[in-house]
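These are my notebook entries on one protein chain. I set down what I looked up, in the order in which I looked.

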Amino acid sequence: MVKLLVSTLVKAVSGRNCGQRELGSTGGAMSNAKTENSKRFPLLPLRDVIIFPHMVVPLFVGREKSIAALEEAAKNNNELFLVTQKDASVLNPDREDIYEYGTVVNIIQMLRLPDNTVKVLIEGKYRARIDELESSPEGYWANVTKCNNEIADAVNLEATMRGIKGIFEQYVKLNKRIPPELLMSISSITDPSRLADIIVAHLTMKIPEKQEILEAVDVEKRLRLLLEKMQGEIEIINVERRIRSRVKNQMEKSQKEYYLNEQMNAIQKELGQKDEKSEIQEMEEKLAAKNMPEEARAKVAKEIKKLKSMSPMSAEAAVVRNYIDWMTNLPWFEYTTDNNSVEHAQEVLDNHHYGMKDVKDRIVEYLAVRSLLKEEGKGTILCLAGPPGVGKTSIAKSLAESLGRSFQRISLGGVRDESEIRGHRRTYVGAMPGKIVNALKKAKTSNPLILLDEIDKMTSDMRGDPAAAMLEVLDPEQNKNFTDHYIEVEYDLSKVMFVMTANDLSRIPGPLRDRMEIITLSGYTPEEKLQISKNYLLPKAVKNNGLEDYTVKMSDKVALEVIRGWTKEAGVRGCERVMSTIARKIATDVVKKEHPEGKVFNVTSKQLPKFLGPKKFTGTDIESESQVGLVNGLAWTSVGGELLHIEVVTVPGKGQLQITGKLGEVMTESARAALSYVRSISDRLGISPEWYEKNDIHIHAPEGATPKDGPSAGITMVTALTSAITGIKVCQDVAMTGEVTIRGRVLPIGGLKEKLLAAKQAGVKTVLIPEKNVKDLNEVPDEIKAGLDVRPCGHVEEVLKVALDLNQPEKFMQVVGLTVLEGDNTGGMEVAN
């Protein structure tokens, strides 16, 4: 009974706190409640401020309706109702423009100022809620209901009050705008409602947040809200203090560095170690004197302006200074005058290089056209393709010397990032221009000769394809507007002469290869190597090894013995190493035995093993006697021509074909095509069809660790298969090259000069080539063809009649009808009489 009575009493009191009535209450009850709690006051709307109970604060009132409300209040016990506007910009607010809760205040003092505004000192009394609002031209009136404070659990309330006092003490320590004396008055307050209202008046909070606390009638709820707001404010103040501390430390550091730098500059000036001009002044003078495009000039001027406003020691200032330095040191509109003399170019090229007729002729043609043109033509793009060591890089240097142009070499081997060509954007740390712009800066001219070395060795990965970036560089129609990511303005490359070198043209993308004028350099013949060794390599080795005061002689016979016995390559790098070895041996002998200056050293054949060791290569790579199933093929590689042996054996089995020697897909297909052709002529060879079902065939290319591919070994495989199946021996002084079809036709091949050179060096006497390659024999030097019996062949039958060791070649493949017996592959076939 007691609990029920108390609960009912609490509900009744709760319903009367702010004049709220139960929905089911009668009109008489409503009238009584309004009479007891509701009062009528003049209303003054506030802008950007909230007044809490117990606050004493001055206000400046200027609106006419607000002044009228003050005057009415002065007539009625100096009581006034204050409520805050939701939008401070509204001049005459309506009911929806103001909050529902406000504060009834008492006017302590009121003073009219000369500008017709009124200064009023007020004191908050209690919370109230608007029931009715009347608006008239004279002012606002409101019927308001007093909100009584609700207190539920005294123990929880006391604990919350202590927590608030402790948090507020921290807040006062952090916020210097609150006087410390306030803590003394706060600590003595025991009324929880008064405590909350006094504290919230001193907090820095937004209007909606303060309004939320004003509307909290329940004291415990009001204290909890206040506690949360204060904790949030303390966190914000701590973050602000940390930020201010960091900024202050950074500013102090920058100011210290600036002060020390200024002191250092002053000391250097006193010592005469520093010019009076500032760095920025030097940049501006350099820019004014530089001849460059307007776009680039405006860009640099903008960067200099940006640099003026930066701290000299900041990281970004270093980036800007580096950019300005690059832009002002590039050779904009700076060109050298070409020497278009054909005679001078021919003299320079002949002095530096032996042979290389095609390259020299193309250079002379270029200079001849340049001398006839009134205006300078577009930049030339040459590609020198050939095996290593044939002089591709050195001919480019000689070309630059003959033209009188600056020479710059860019190595592209292993380049896999597109930014290596176009440069890195300045947003990256350590950004730099690409290799092209870097070469122009080193050349100090905009029309140098740039050698793009090993362009076939470029690769690509996730960072881009540098070969694609080279498309713009090497296109005369596009490179006049070349843009590097670092300099961010266009640069004209149309006057640059690009020369590229490559070993394997197949590794260069088609669109890039299409922009080049390709000049193929073949390997040197022994006679050419002899002349190069005598006239260039030996004198160079003597000079490099300190033997200039002595005479080193070597006869042509000894030089050829060195070339054939210790080198085997298309170029002359091996020859250069061998000549340097001989020179070092002689230099060692000079030092040990103290030979006088001017002594003559004649290098003889007997001394070669002492200087170079035993011979590395014999005079021949072929067998001395005819063999069954062994044929000498000819192959082309990126380092020149080579002899390629093809071996075939047959063993009893189930008709399987086995191919070994690390052959590529094309070469494997060529082997199957060769076998198909041989089977198609089995009746003419006297081979029973059942033979293939009872024997296995194994095709092998020696040196299995070396990859091999290509179709040019087709006739070699046909010959080896025919020999192995019939048992007829193959002449070992014969070598061959040519692609074969399944109908026996011989198709043309490439690299004829290199292959003939390899055959000659191996000791071959007869070389079989495709009939359609006869036209290429005109480009093969006579010294290579000398001693070789080169025979064109249009069909495989012609090849077999020459390559096989036959007593009557003209009657070969004219069978009488006899067949090779089972297990018999001795070649015992009869031919027609």
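**Overall dimensions.** I began with the radius of gyration, which is 51 Å for this chain, whereas a compact globule of 833 residues would have a value near 28 Å. I note here that the model is a predicted one. I then looked up the box that the C-alpha atoms fill, and along the principal axes it is roughly 150 × 85 × 60 Å.

**Secondary structure and contacts.** I found 29 helices and 24 strands in the chain. I next considered contacts with a separation of 6 or more, and 74% of them join residues that are 24 or more positions apart.

**Surface and burial.** I recorded an accessible surface of about 43600 Å² for the chain. Carbon and sulfur atoms account for 50% of that surface. Of the 833 residues, 44% count as buried.

**Charges.** I looked up 114 positive and 118 negative charges in the chain. The mean position of the positive charges and that of the negative charges are 4 Å apart.

**The largest nonpolar core.** Which residues have the most contacts inside the largest nonpolar core? I noted Leu547, Ile582, Ile586 and Val603, in a core of 52 residues. Helix α21, which spans residues 573–593, gives the most to this core, with eight residues. I then followed Ile582 further, leaving aside residues up to four places away in sequence. Ile582 touches Met554, Val603, Leu608, Phe611 and Leu612.

**Backbone angles.** I turned to phi, keeping in mind that most residues other than glycine have a negative value. I entered two glutamates with a positive phi.

My entry for Glu488 gives a phi of about 65°, although this residue is not a glycine. Where is Glu488 found? I located Glu488 in the loop between β10 (482–483) and β11 (490–491). Its relative accessible area is 35%, so I entered Glu488 as partly exposed.

My entry for Glu594 gives a phi near 55°, again positive in a residue other than glycine. I placed Glu594 in the loop between α21 and β15 (600–603). Is Glu594 buried or exposed? Exposed means over 50% relative accessible area. Glu594 has 67% relative accessibility and therefore counts as exposed.

**Looking back.** I note that helix α21 appears in two of my entries: it gives eight residues to the largest core, and the loop that holds Glu594 lies between α21 and β15.

Technical notes. Residues numbered from 1 in each chain as written. Predicted model: local features only at pLDDT ≥ 70, side-chain atom pairs only at ≥ 80, totals over all residues. Heavy atoms only, no water. Helix = DSSP H or I, 4+ residues; strand = E, 2+ residues; numbered from the N terminus. Rg over C-alpha atoms; globule rule 2.2 N^0.38 Å. Buried < 20%, exposed > 50% of the residue type's maximum accessible area, 1.4 Å probe, protein only. Contact = heavy atoms within 4.5 Å. Areas by Shrake-Rupley, 256 points an atom, 1.4 Å probe, with all protein chains shown as cover. Lys, Arg positive; Asp, Glu negative; His and termini not counted. Charge placed at Lys NZ, Arg CZ, Asp CG, Glu CD. Core = buried A, V, L, I, M, F, W, Y, C linked by side-chain atoms within 4.5 Å.
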